[in-house]
Amino acid sequence: RVSPPPGGGGGGGDDAELVRLKEREIANLKMELRKAKEDGKSAAAQLQDALLAAQSNPVALDAEFRDIGRLAIIAVPHLVAHLQAVVDNQNKIRALAPVTSVMVQALETARARSIGCIPQSVPQLVSLLVSKQVTTVRESSFALALTSMSPEGRQAILDIHQAVPHLATLLDSPDIYSRRHGATALGNLAMDTSGRRTILETFSVVEKFVELLGSSDLDCCRSASLALGNLVIEDEARLRFLSCASSVKSLADQLKSADRFLVRYATGAIRNVAVDEKGRRAILSQQEAVAALKGLLASPDQTTAKFAVSALKNLSMTPAPYQPASGPDKDTTRSGRNIQVPERTEEAFWGLQVPWADYDGLGIPKSVPSPEGGQVQGSISL
């Protein structure tokens with residue numbers, strides 16, 4: 001808008017002045033428009049040159065970067081589901097709930113987009129485990145590891161007859177990521193009785209996990225400790241573990257790690273090994289392990305400290321006293337008094353290489369009050 005010139009003046013002179021001002025303004029606008037067009041043509045030419053240069057010299061993205069991107073797409077829906085579970089259980093995890101609610105909203109769009117990029121069929125994912133493409137095996141095993149974090153997902157995997165054998169073959173994979181994902185999936189499957197028994201049907205899987213304890217890769221050591229801690233709930237697996245050379249020493253060495261999750265898993269696994277006399281003797285033969293467990297009583301990680309308490313209690317078990325028979329009316333069975341029963345729980349380890357399974361003490365070990373009906377089988381919840 002052009003403001004009228006100051007002063008009263010005659011009507012004709014004012015109109016002429018307004019016309020001149022408007023013409024001047026129009027001329028300025030035309031000049032700015034021509035300049036903008038020239039700038040646009042110059043920018044378009046620069047973009048065209050850049051496009052031609054990119055086509056003649058393509059930039060190759062790092063292969064690992066591409067793989068991480070695809071794995072991130074696979075992980076997003078599972079991450080959102082995990083965060084939603086935190087929101088739904090605010091009474092248990094009050095401190096995280098407000099932040100988590102915001103994260104769920106922020107990730108919802110990404111979840112909706114990425115869900116279409118993921119094979120939703122567990123049979124399809126299992127079939128991809130035998131692909132000749134390393135990235136395909138890596139991504140499908142990662143998706144199965146994430147799927148194994150829920151009871152429904154574990155059951156869906158166990159319903160596929162070849163799932164566990166295919167996952168077990170990944171323990172020998174030359175690809176470190178596939179080894180990690182396979183070990184994690186098997187460790188989570190071992191949370192349930194049916195999963196443990198299915199895994200134990202696969203030849204030498206316990207021995208493979210013992211080998212992974214000596215791996216230089218932190219995530220492989222975590223997953224191996226996780227899997228062994230769940231598998232040794234079964235007597236057969238515990239015997240096979242104890243029969244492996246240096247198995248107890250390899251597990252005890254994990255207590256020296258600076259990684260709190262590895263220490264937590266190893267402490268829980270040692271606790272589960274020490275539920276019978278043979279296991280206790282094997283652990284007690286490692287003096288450094290006993291000393292490390294005592295030191296972990298003061299661990300800042302509440303779950304690890306509680307596992308250490310339970311492990312040391314199991315290691316202090318004493319045989320139940322016998323009452324000698326001195327007559328026909330004497331009971332020759334063990335007395336029910338003063339019998340110490342190893343601490344066990346009704347739930348199991350679970351986890352992934354990212355700390356999604358960190359409940360910081362929720363679901364802590366529960367003592368078995370009496371030995372009636374035999375020893376109660378169970379394990380530890382992380």
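A crossing of two helices is called left-handed if the near helix is turned anticlockwise from the far one by less than a right angle, and right-handed if clockwise. With that term in hand, I turn to the structure above.

This is a predicted model, in which local features need pLDDT of at least 70, side-chain atom pairs count only at pLDDT 80 or more, and totals for chains, interfaces and linings use all residues. Residues are numbered from 1 along each chain as its sequence is written, and side-chain values use heavy atoms, with hydrogens and water left out.

Let me begin with helix 14 (residues 260–273) and helix 17 (residues 302–315), whose crossing is left-handed. Their axes, lines fitted to C-alpha atoms over the stretch in contact, come within 8 Å and cross at roughly 25°. The two are therefore roughly parallel, a label for angles under 35 degrees. Among the residues that meet, with heavy atoms within 4.5 Å, are Arg-260, Arg-264 and Arg-271 in helix 14, and Phe-307 and Asn-314 in helix 17.

The second pair is helix 10 (residues 205–212) and helix 11 (residues 218–231). Their axes lie 8 Å apart at an angle of about 140°, and the crossing is again left-handed. Here Val-206, Phe-209, Val-210 and Leu-212 in helix 10 meet residues of helix 11 including Cys-220, Cys-221 and Leu-231.

Finally, is helix 8 (residues 176–189) enclosed or open? Of its 14 residues, 12 are buried (under 20% relative accessible area, 1.4 Å probe, protein chains only), so helix 8 is largely enclosed by the rest of the structure. Arg-179, Arg-180 and His-181 are among the buried residues.

Notes:
Axes are lines fitted to C-alpha atoms, for helices over the stretch in contact, and angles run from 0 to 180 degrees between N-to-C directions. Helices (H or I, at least four residues) and strands (E, at least two) are DSSP runs, numbered from the N terminus. Buried means under 20% relative accessible area, exposed over 50%, partly exposed in between (1.4 Å probe, protein chains only). Angles under 35 degrees count as roughly parallel, over 145 as roughly antiparallel, 65 to 115 as roughly perpendicular and the rest as oblique.
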